[in-house]
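Subject: Structure handover

Hello,

Here is the structure we talked about passing on. My notes follow below it.

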Amino acid sequence: MSSLTMPFEKALELFEPVMGFEVHVELNTATKMFSWAPNEYGDEPNTNVTPLCLGLPGTLPVVNKQAVTSSIRLGLALGCHIAESCRFARKHYFYPDLPKAYQISQFDEPIASEGHVEIELETGEVFQIPIERAHMEEDAGKLTHLGGSGRIQGATASLVDYNRAGVPLVEIVTKPIEGTGALAPQVAREYVSTIRDMVKALGISDARMDQGSIRCDANISLRPRGATKLGTRTETKNINSLKSVERAIRYEIQRQAAILAAGGSIMQETRNWHEDSGRTTAGRPKSDADDYRYMPEPDLVPILTSRERVAELAQTVPESPVLRRRRLKQEWGFTELEFRDVVNGGLVDVVEHTVEAGASPAAARKWWTGEITRVANERGVEVETLQVTPADVAGLEALIEAGTITDRIARQVLAGVLDGEGTPQQVVDARQLAVVSDDSALLEAIDSALSSQPDVLAKIQSGKVQAAGAIIGAVMKAMHGQADAKRVRELILERASQS
Amino acid sequence: MSEDLIRLTAAELADHLASGEVSSVEATQASLDRIHAVDGEVHAFLHVADKAALATAAEVDRRRAAGEELPSLAGVPIAVKDVMTTKDMPTTSGSKILEGWVPPYDATVVEHLRNHDMVLLGKTNMDEFAMGSSTEYSAYGPTHNPWDLDRIPGGSGGGSAAAVAAFEAPLATGSDTGGSIRFPAHVTGTVGVKPTYGQVSRWGAIALASSLDQMGPVARTVLDTALLHDVIKGHDPKDSTSINREWPSFADAVRQADLSGVRVGVIRQLTGEGFQAGVRARFNEAVTLLTKAGADVVEVDCPHIGSAVAAYYLILPAEASSNLARFDGVRYGRRVMPETGPETVENMMAATREAGFGPEVKRRIILGTYALSAGYYDQFYGQAQKVRTLIQRDFDAAFSQVDVLVSPTGPTTAFKLGAKVNDPLAMYLNDVATIPANLAGIPGMSVPMGRADEDGLPVGLQVLAPAMHDERLYTVAAVVERELTAAWGKPLLGFAPELKEASK
Amino acid sequence: MSDITRDEVAHLAELARIDLSDAEISSLTDQLGQILQAVAQVNEVATPDVPATSHPIPLTNVFREDIPGETLTTEQVFGGAPDVEEHMFRVPSILGDAPATKQGE
Ligand SMILES: [Mg+2]
Ligand SMILES: [Zn+2]
């Protein structure tokens, strides 16, 4: 029964979805939340650890000032009230990746509360997402499961790396989001996308969903149309991409609708999203075992934030992602669809930087959403991990405009850049890809082509200029593409009129 | 010579070391000899670091011979309570769950001792995770009171108190969460101070109850206590609750002690019923002595002190249940696999904690888990914290009238080993006089005030001062010690029976 | 007011991850009952208007600069470890999911 789903449209006819999100943002501070250990992703296991990161007895936490500053700025960007006084609490549970068997978090006094985030869908529809709170906490370590499929189920043992333990997090919690109807999956995706853009613009996080520096838990419940009482909700975890946010919400709506329509009831539980199958499976049931025994953290003292400090930090908060997008769309003169491609690809920043580096908006868009995205997809990585910078793309475009390379050659140059061969100019030099501008070499190839196709020459001479295409093709082939087709055409016509 | 060396106070020994009359190696060897001679019976130590101690001593001697200017306590031996982490010695906090664990870092207090070139003799016994008033809850067996080996030395720092009382070390460190420095001082005829909360760093002190724990000095005399206190106090950026300010010299406070005009309050709620007759008698004499020495003594009320024990036995277990959750068999310490059932990490943790913790630790963890659990928090932990506010207000009101407060340190003299070990409620009441200071964060001291008539065992006078005014403890205690020692003709420990030395 | 049952003690032992024996649960049920009766008096003294004190000495805004410091060596990290593999701490298989939010492993 749990794998049954109802067609999406039908589900929406019967039910109204209510969503809620907990988004965790890892801050890109130099050190961890409460320890002087470096906050670095991808290092050798258990190298970025201090006695505190291992939860050794006798160790004590001290708050990272920069993490608090970042949290306040994020709170302001979320339109939240910044607490005059806030404090930390201990949240207790046993798990091997949690070194102290409690997470230092915030409970009754979060640093930021009561905000809202404006989002705009592809269709131009605007939603206000109500924010309940944003609080500071620390991350847990990372588990690797041995045996079985690499998943926790069926594993024979697990290995723990505490490099991530204690990395600063801000957890952003929404209020229930109602009234989205069939747009719920898009709203979900757009919300997470907006948070991602926001933290990127603030410069406070690497904002990499694939690396877990942004993580989204999605709560969803259904209630019959017209009803006011909220239904039982599930909390879906393991969502690792924007696309998955949308798919997971859609799937949960369909799954829950099928159960409810069949007279069943929804279990309050966590569910795990599976990218491969596009489904969620049951995780841990919520029960009274969820007794976290919160208590004020006695090893830390309250944080007071003056109104002057809030005002000062408010100055450093960039324009909201929605406003920025509206502005850039207009400045760049893109169509709705073109701009959407850029946004959905997470390419707003790189396109902006490419334009700043001198390329035209159209060219910047073309390269980033086109060839570069294609290569990224082919390699199964995020665009930003590729070895190409906005300056490279602008440089590439400049070479084309200067006639040094052709559009076609430019693709080869880009491939060289992506393979780490250097800047576009360096690739052109090293691979000798510059367009052959020596007319004599071209004339030699043209003469050879014309003499082997006298019928075409005759056509051209009789005024059928378009017949020149065949000669151009032959010449370009002979030149291995390293010629400016426009110049070749000019020379062909010149030659034809002379003979 | 060895016999004389161990009986020197730390201050005297420091003078002898400075003048070159005695070497640190000699003094250290004397302490080690004494430990090997008597500790089989006393069991004050869990670990003795003969080699390392002698090496440190030799290095101090070498540097002194080379003409280096050394800190005042350089070369003086000291025993460290096993609650404090030491890089070169096992640290167990009296628990089997940490048996053999050598931490990769030093507690800040230990760092201070090393920076002052003191000689670390070893680690002293304690109730498991400092939970207890008798040191009987140590997983490694009890410590015996040097005054009567059949009796408890107090707890949780019974090892440190017994070590100085048995002349195994002139100085020791302690931790005081509800009286763990002061109660042992009271029953062993020694001196101990719980400083203002936040004056001594807790970094590297294995936490019992974070908001109550405070490290402090243990010694045989008031001056020695002050000298050690001066070494370990001070701001530590690694402890967020550490107070960042300058402190006066406590040794100076001892040397300049004068009680004239000092206002002393006797806490009405900590006299009379519940206190052994011999304790009351000595306390009344001490009050008379204070008056004679020029103090203005009045009675003051702390009406909420009667609820301190109740509040304490909610706050402490709650914080302890949290602090001790980390002992899960994953990263360090003992790991025990379940005897039955699947070998999952969950079962491993539960089996480890079942096997690794003693009965009193389990009792308090379960109690604390209850006090914090959903539905009970407001009724227990939250309510206890309100009582804490009321007790602080009591002290604020009292200290608006007087400079210091006094009471007996404990309700009885040392009881027999085993007498209360299965009666937790009776055990908890030993701390009735000491607990309020921990709840309020104020400094407190126990200084010998004589021996009870009924059993000839030592009893201590507790002195309490407002937060940040630890120097007042020393002013009062110095005068009490001076006057009483003069009256007795020798220090109180001079009345303790000689310990049988095993092999020399 | 504070009667505690065997089942409650057993549940608390689960929360505290201690595999108590039946005998321990029984004796703890008795002892905790007595202790709770004694400590319940905290409810009789403090009125709702009294604020809670969580720190005896009130301090605020204690921070650390965001500057990396010394980390532990491999020997120090694993010096006390019960089981190690590939520079990680090895644990037996895990039965349940973690309650807290984290990246899927
Ligand atoms: Mg959460
Ligand atoms: Zn969280």
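In these notes, buried means under 20% relative accessible area, exposed means over 50%, and partly exposed is in between, with a 1.4 Å probe and protein chains only. This is a predicted model, in which local features need pLDDT of at least 70, side-chain atom pairs count only at pLDDT 80 or more, and totals for chains, interfaces and linings use all residues; side-chain values use heavy atoms, without hydrogens and water. Residues are numbered from 1 along each chain as its sequence is written, while chains are lettered from A and ligands numbered from 1 in the order in which they are written.

Chain A overall

Chain A has 16 helices and 17 strands. These are DSSP runs numbered from the N terminus: H or I over at least four residues for a helix, E over at least two for a strand. The C-alpha trace of chain A spans about 95 × 55 × 55 Å along its principal axes. Of the 499 residues in chain A, 56% are buried. Among contacts in chain A (heavy atoms within 4.5 Å) with a separation of 6 or more, 69% are between residues 24 or more positions apart.

Metal site

Donors here are N, O and S atoms within 2.8 Å of the metal (3.2 Å for Na, K and Ca); water is not among the atoms, so sites may look incomplete. The zinc ion (ligand 2) has three protein donors listed, A:His24 (NE2), A:Glu137 (OE) and A:Glu171 (OE), at 1.9 to 2.1 Å. Their spacing along the chain is H-x112-E-x33-E. A:Glu137 sits in strand β8 (residues 126–138) of chain A and A:Glu171 in strand β11 (residues 168–174) of chain A, so this pair links parts of the chain 34 residues apart.

The magnesium ion (ligand 1) is coordinated by A:Glu22 (OE) and A:Glu171 (OE) at 2.6 to 2.7 Å. A:Glu22 is in strand β1 (residues 15–26) of chain A, 149 residues from A:Glu171. The two ions are 3.8 Å apart, and A:Glu171 coordinates both. A:Glu22 is buried, with a relative accessible area of 18%; A:Glu171 is buried too, at 9% relative accessibility. A:Glu137 is likewise buried.

Sheets

Two strands pair if DSSP finds at least two bridges between them. The strands that carry the glutamate donors belong to an open sheet of 9 strands in chain A, with mixed pairing and the order β3-β7-β8-β11-β1-β12-β13-β14-β15. Its edges are β3 (81–82) and β15 (279–285) of chain A; each has a single partner strand, so one side of each is left without a neighbour in the sheet. β1(A) and β11(A) run antiparallel and are joined by 5 bridges, and A:Glu22 has A:Val173 in β11(A) as its bridge partner.

A second open sheet in chain A has 3 strands in the order β6-β5-β16, with antiparallel pairing. Strand β5 (residues 89–92) of chain A is joined to β6(A) by 4 bridges, and A:Lys91 stands opposite A:Gln103 in β6(A).

Salt bridges

A salt bridge is counted when a side-chain nitrogen of Lys or Arg lies within 4 Å of a carboxyl oxygen of Asp or Glu. There are 71 over all chains. In one of them, the closest N and O atoms of A:Arg325 and A:Glu190 are 2.5 Å apart. A:Arg325 lies in helix α6 of chain A and A:Glu190 in helix α3 (residues 184–202) of chain A, so the pair ties together parts that are 135 residues apart in sequence. Both A:Arg325 and A:Glu190 are buried.

A:Glu235 and A:Lys237 form another salt bridge, at 3.4 Å between the closest N and O atoms. A:Glu235 is buried at 5% relative accessible area, and A:Lys237 is buried at 7%.

Interfaces

Buried area is the accessible area (1.4 Å probe) that two parts lose on being put together, summed over both. Chain C and chain B bury about 4,900 Å² between them, with carbon and sulfur atoms giving 68%. Their one salt bridge joins B:Lys362 to C:Glu24, with the closest N and O atoms 2.7 Å apart.

Chain C and chain A bury about 5,000 Å², 58% of it on carbon and sulfur atoms. They also have 1 salt bridge, between C:Glu65 and A:Lys65 at 3.5 Å. A network of salt bridges links A:Arg90, A:Glu297, A:Asp299, B:Arg202 and B:Asp239.

Regards
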